[in-house]
Amino acid sequence: MMSHDLIVIGTGPGGYVCAIRAAQLGMKVAVIEKRATHGGTCLNVGCIPSKALLHATELLAESKHGFARMGLTADTKVDFGQMLKFKQEVVESNTKGIDFLFKKNKIDVIRGSATIIGAGKVKVGDTVHEAKNIVIATGSESSKLKGVEVDEKTIVSSTGALVLEKIPASLTVIGAGVIGLELGSVYQRLGSKVTVVEYLDRILPGMDAEVAKAFQRLLEKQGFVFKLSSKVMGAETSAAGVTLSVEPAAGGAAEKIISDVVLLAVGRAANTEGLGAKEAGIVLDARGRVEVNEDFATSVPGIYAIGDVIRGPMLAHKAEDEGIAVAELLAGQAGHVNYGVIPGVVYTSPEVASVGKTEEELKQAGIEYKSGKFLFLANGRAKANQTTDGFVKILADAKTDKVLGCHIVGAQAGEMIHEVAVLMEFGGSAEDLARTCHAHPTLSEAVKEAAMAVDGRAIHS
Ligand code: NAI
């Protein structure tokens, strides 16, 4: 007899949301988790703890650099141990929240490592659990780099960077992606000298290039040092710290970079270890991700996969939406994820946020577009908040005016991006956005002005 309608493997944002939605739809659901707490990488050692540290250090930076002009004096001192304690409290309150939600939705929790042994069968320890359907939501793990051995003390992944024993005097980050720039910002604000080594000739690959360029300049003003078009050949740890050997990506003489701590942040890889996927007949793609069709079905009937372990951006909110979609599909409903409208946010200061197509993607696709840009320098609220860095850029179809993308660098960009995401879900135009009344004085007025700028009629520029 089947013990459950659905077993979800992994309780990160994809898995736990999927389990709850399935339970809401009347399924008898069990989850399997090998960590002591639910929430996966995101809640335990990713999005949530990094945001706690980013928030605390942003206040620190503001007290140091923004207060005097407003007539304020603050003698801000850093108690790093207490800051890490605060971060851990935030993590625990979130992970406990999932325990509560599982109980509320009568979801059974099975502790341990899951191995799929065939359609509808999952083994944990010596026990085989059976279900009509299985959803794999095992997430991802930090990618490795040859010659750079992570010990989580002096050469750390994002996990080790959240529990350093002390603030390093110098930190070298390998990889100018989201993790490198967010955690790099935390330590830069805490006083570390931060150097970022990036293989490509730009930071944040995949983001709009104009936004990335402007963002790089702002980070450099804060003290970041970027070594672009550079490849790390190896790392040596000694009493003096870590010595990285770095060469120009195109080849040439190597240089040495010595720092107290190195953060390796060169991407993440699908986590299928120990899952028994291949043995169960589940097809993986060339990058080791579980291959799925548009309904998240794997090559084995009744086994589905969502989140970082499948194709697409490795983002918690993408995994959540896939979790909801697959639960609804299993219940006979029309679950769906619109991959064209998935926002991406870098939670630095200023923030970077993006939805839809970049200019580079539109050019490559040969789509004719109009662009409207508005600087926060001309926004009243930004002046009052001392957050005049950055801009909003809206890209709209040249013929139909339909909004195709929005890219923001600026304070609270990660909140502002959502009005454009909603507009895009409804197939709205720049004109629709321009004609929507925006409260004054708000930073969001810059979004409206950028929409007006698409038609060359922004008021304040
Ligand atoms: P990433 O893919 O964002 O960036 C990795 C960077 O490392 C790239 O710029 C790449 O060109 C560079 N790189 C790769 N190999 C290199 C090498 N050998 N030497 C120097 N540079 C090299 O990966 P990241 O930052 O590790 O993040 C992993 C995943 O987690 C991403 O998919 C990201 O979207 C997600 N994430 C999202 C966050 C958010 O939404 N705010 C926060 C943190 C992570």
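## Helix 3 and helix 4

In this predicted model, helix 3 (47–65) and helix 4 (residues 80–104) have axes that come within 9 Å and cross at roughly 140 degrees. Angles over 145 degrees count as roughly antiparallel, and helix 3 and helix 4 are therefore oblique to each other. Their crossing is right-handed.

On the helix 3 side, the contact is made by Ile 48, Pro 49, Ala 52, Leu 53, Ala 56 and Thr 57. Helix 4 supplies Met 83, Leu 84, Phe 86, Lys 87, Val 90, Val 91 and Asn 94. Sorted by class, the residues of this contact are 10 nonpolar, 2 polar and 1 charged.

## Helix 3 and helix 6

Helix 3 also meets helix 6 (178–189). The axes of helix 3 and helix 6 come within 9 Å and cross at roughly 40 degrees, which makes the two helices oblique to each other. The crossing of helix 3 and helix 6 is left-handed.

From helix 3, the residues in this contact are Ser 50, Lys 51, Leu 53, Leu 54, Thr 57, Glu 58, Leu 60, Ala 61 and Lys 64. From helix 6 they are Glu 182, Leu 183, Ser 185, Val 186 and Arg 189. The contact of helix 3 with helix 6 has 6 nonpolar, 3 polar and 5 charged residues. Leu 53 and Thr 57 of helix 3 take part in the contact with helix 4 and in the contact with helix 6.

## Helix 1 and helix 4

Helix 4 has a contact with helix 1 (residues 13–24) as well. The axes of helix 1 and helix 4 come within 10 Å and cross at roughly 25 degrees. Angles under 35 degrees count as roughly parallel, so helix 1 is roughly parallel to helix 4. The crossing of helix 1 and helix 4 is left-handed.

Tyr 16, Ala 19 and Ile 20 of helix 1 make this contact with Ile 98, Leu 101 and Phe 102 of helix 4. The contact of helix 1 with helix 4 has 6 nonpolar residues, no polar ones and no charged ones.

## The second largest pocket

The second largest pocket has a volume of about 1,100 Å³. Its lining is made up of 31 residues, and those nearest its centre are Glu 58, Ser 349, Pro 350, Gln 386 and Thr 387. Glu 58 is also one of the helix 3 residues in the contact with helix 6. The lining divides into 7 nonpolar, 13 polar and 11 charged residues.

Several helices contribute to the lining. Helix 3, helix 6, helix 7 (209–222), helix 10 (380–385) and helix 11 (413–425) each supply at least two residues. Helix 3 gives the most, with 9 residues.

## Backbone details

Most residues other than glycine have a negative phi, and most peptide bonds are trans. Three places in this model can be set against that background.

The peptide bond from Ser 349 to Pro 350 is cis, with omega near 0 degrees. Pro 350 lies in the loop between strand 18 (344–346) and strand 19 (351–356). Ser 349 and Pro 350 are among the residues nearest the centre of the second largest pocket. A cis peptide bond also joins His 440 and Pro 441, where omega is about 0 degrees. Pro 441 is in the loop between helix 12 (430–434) and helix 13 (445–453). Lys 106 is a residue other than glycine with a positive phi, near 55 degrees. Lys 106 is found in the loop between helix 4 and strand 3 (108–111).

Technical notes
Residues numbered from 1 in each chain as written. Predicted model: local features only at pLDDT ≥ 70, side-chain atom pairs only at ≥ 80, totals over all residues. Heavy atoms only, no water. 1 Å grid on protein atoms, 1.4 Å probe; cavity = no way out; pocket = protein on both sides within 12 Å on 5 of 7 lines; lining within 4 Å. Points joined across faces, edges and corners; volume = space filled by probe spheres on them. Helix = DSSP H or I, 4+ residues; strand = E, 2+ residues; numbered from the N terminus. Nonpolar A, V, L, I, M, F, W, Y, C, P; charged D, E, K, R; others polar. Axes fitted to C-alpha atoms, helices over the stretch in contact; angles between N-to-C directions. Parallel < 35°, antiparallel > 145°, perpendicular 65-115°, else oblique. Left-handed = near helix turned anticlockwise from the far one by under 90°. Contact = heavy atoms within 4.5 Å.
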